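Grab a pencil and work through these exercises with the model open beside you. Try each task before you read its solution.

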Amino acid sequence: MQRNMTRGREPRNPAQAAGTGGLFDTDRPGGLHERIYRSLIHAIVSGQFAKGSKLPSEPDLAATFGVSRPVVRQALEKLRGEGLIESLRGSGNYVAGLDHLVASRLQSAMAPLLHAQRMLDDLEFRLILEPEAAFLAARRRSTSDLKRMQSAMEQFVQAHEDGRITHHFDYLFHEAIALATTNSRFIDAARALEYSQEGERLLMRHLVHFQPSARATEVIREHQMVMDLIQQRDGEAARKAMWSHISASRLRLTEHLERLEREQTSGDVKLAGTASGM
C-alpha cells in the first residue's frame with residue numbers, strides 16, 4: 001500500500017502534536033506512590049522543575065495521576081526524606097536541589113560506570129534511529145514543527161545560561177524532530193527513550209555533556225546545525241548532522257567512562273562535577 005508522503009502533514013493522533021501531553025509521565029510501573037515518586041524525580045532531575053521551583057499542589061498532582069491525596073503525600077514525603085524538596089507551611093513544596101541525590105546514588109565506585117554503560121546503550125540505539133528521523137523531518141516538517149523546535153532550542157539555551165539542567169529542553173527538541181516525521185513509531189521511540197531514563201542517568205548525562213560550560217556550547221551548536229538543515233529541507237545533510245551529534249555524544253561519554261575506569265583502578269573514583277546550583 002502506497003504511503004501518503006505529503007510534506008508537512010500532521011501525526012494521525014492529535015495528541016502527538018501536543019508535545020509531552022503534560023509535565024509528567026503518568027504510566028510508570030510500580031505501586032501508586034512509587035509511580036508518582038519516580039515521575040517527580042524525573043521531572044526534577046531532567047530540569048522541568050529547577051531549584052527553587054514550586055511543585056504542583058497536592059490536589060493537582062492527585063488529579064494528574066488519578067490517585068488520592070494520601071498517595072501523593074507518600075510520594076512527596078519520600079522526596080522530602082531524600083532532600084529533593086522542602087515544604088513551606090501554607091505555601092507548598094519547592095525543589096531544594098540535587099546534591100543529596102548525587103551524594104547518595106552516584107558516589108559509590110560502581111554506580112557511575114553502570115549508568116555510563118546504560119547511556120552508551122541508549123546512544124547506540126539513537127545512532128540508528130535519530131539520523132533517519134532528522135532526514136524525514138527535513139522532508140516533511142511543517143511551520144508548526146519548526147516553531148516547536150525553535151521554542152525547545154530557546155528554552156535549552158536559556159536553561160544553560162541560567163546554570164540549570166537542560167535535559168528536558170534537549171528532549172523536547174528531539175521530540176519535536178520525531179513529531180515532524182509524522183511517523184508514530186519514531187514518536188513512540190523518542191518518548192520511550194526519554195521516560196526509561198533513571199534519575200541517576202540524567203544526572204550523569206548532565207555532568208558528561210554540560211560540565212564544563214564549553215562542552216555545553218558545543219552541544220548547543222550541534223543542535224542548532226541540525227535544526228538549520230531541517231529548516232532548509234536538506235534531508236541528507238540533516239541526517240549527517242544528527243549522526244555527527246550522536247557520535248560526538250558517544251565520544252564524550254566514552255572519554256568520561258575511560259576516565260572513571262582509570263580512577264577506579266587508582267582507587268579515586270569521583271564525578272566530573274557536582275549538581276550544585278542546578
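## Exercise 1: A glutamate in a helix

Glutamate 222 is buried, at a relative accessible area of 9%. Keep in mind that this is a predicted model.

**Task.** Find the helix that holds glutamate 222, explain why glutamate 222 counts as buried, and list what glutamate 222 is in contact with beyond its neighbours within four places in sequence.

**Solution.**
- Step 1: Look for helix α10, residues 213–231; that's where glutamate 222 sits.
- Step 2: Buried means under 20% relative accessible area. Glutamate 222 has 9%, so it counts as buried.
- Step 3: Skip the neighbours within four places in sequence, and the contacts of glutamate 222 are His245, Ala248 and Arg252.

## Exercise 2: Two helices that cross

**Task.** Work out how α1 and α3 are oriented to each other, and which residues meet where they touch.

**Solution.**
- Step 1: Start with the axes. Those of α1 (residues 32–45) and α3 (residues 69–81) come within 8 Å, and they cross at roughly 50 degrees.
- Step 2: Now name the arrangement. Angles under 35 degrees count as roughly parallel and 65 to 115 as roughly perpendicular. An angle of roughly 50 degrees fits neither, so α1 and α3 are oblique to each other.
- Step 3: Add the hand: the crossing of α1 and α3 is right-handed.
- Step 4: Zoom in on the contact. From α1 come Leu32, His33, Glu34, Ile36, Tyr37, Leu40 and Ile41, and they meet Val71, Val72, Gln74, Ala75, Leu76, Lys78 and Leu79 of α3. Sorted by class, this contact of α1 with α3 has 10 nonpolar, 2 polar and 2 charged residues.
- Step 5: Pick out glutamine 74, which is in helix α3. Its C-alpha atom is 6.0 Å from that of histidine 33, although the two residues are 41 apart along the chain. Glutamine 74 counts as partly exposed, with 43% relative accessibility.

## Exercise 3: Another helix pair

**Task.** Do the same for α6 and α7: what is the angle between their axes?

**Solution.**
- Step 1: The axes of α6 (residues 143–161) and α7 come within 8 Å and cross at roughly 170 degrees.
- Step 2: Angles over 145 degrees count as roughly antiparallel. That is why α6 is roughly antiparallel to α7.
- Step 3: Check who meets whom. Among the α6 residues in the contact are Met149, Met153 and Phe156, and among those of α7 are Phe169, Leu172 and Phe173. By class, the contact of α6 with α7 has 12 nonpolar, 1 polar and 3 charged residues.

## Exercise 4: A hairpin

**Task.** Which way do β1 and β2 pair, and how many residues lie between them?

**Solution.**
- Step 1: β1 (residues 85–88) and β2 (residues 92–95) are antiparallel, paired over 4 bridges.
- Step 2: Follow one bridge: isoleucine 85 has valine 95 in β2 as its partner.
- Step 3: The two strands form a hairpin with 3 residues between them, and glycine 90 in the turn has a positive phi of about 80 degrees.

## Exercise 5: Positive phi without glycine

**Task.** Compare the settings of threonine 182 and arginine 233.

**Solution.**
- Step 1: Recall that most residues other than glycine have a negative phi.
- Step 2: Threonine 182 has a positive phi, near 60 degrees. Its place is the loop between α7 (167–180) and α8 (184–195), and at 2% relative accessibility threonine 182 counts as buried.
- Step 3: Arginine 233 also has a positive phi, near 60 degrees. It's in the loop between α10 and α11 (235–266), and arginine 233 counts as partly exposed at 31% relative accessibility.

Methods:
Residues are numbered from 1 along each chain as its sequence is written. This is a predicted model: local features need pLDDT of at least 70, side-chain atom pairs count only at pLDDT 80 or more; totals for chains, interfaces and linings use all residues. Side-chain values use heavy atoms; hydrogens and water are left out. Axes are lines fitted to C-alpha atoms, for helices over the stretch in contact, and angles run from 0 to 180 degrees between N-to-C directions. A crossing is left-handed if the near helix is turned anticlockwise from the far one by less than a right angle, and right-handed if clockwise. Contact means heavy atoms within 4.5 Å. Ala, Val, Leu, Ile, Met, Phe, Trp, Tyr, Cys and Pro count as nonpolar, Asp, Glu, Lys and Arg as charged, and the others, Gly among them, as polar. Two strands pair if DSSP finds at least two bridges between them. Buried means under 20% relative accessible area, exposed over 50%, partly exposed in between (1.4 Å probe, protein chains only).
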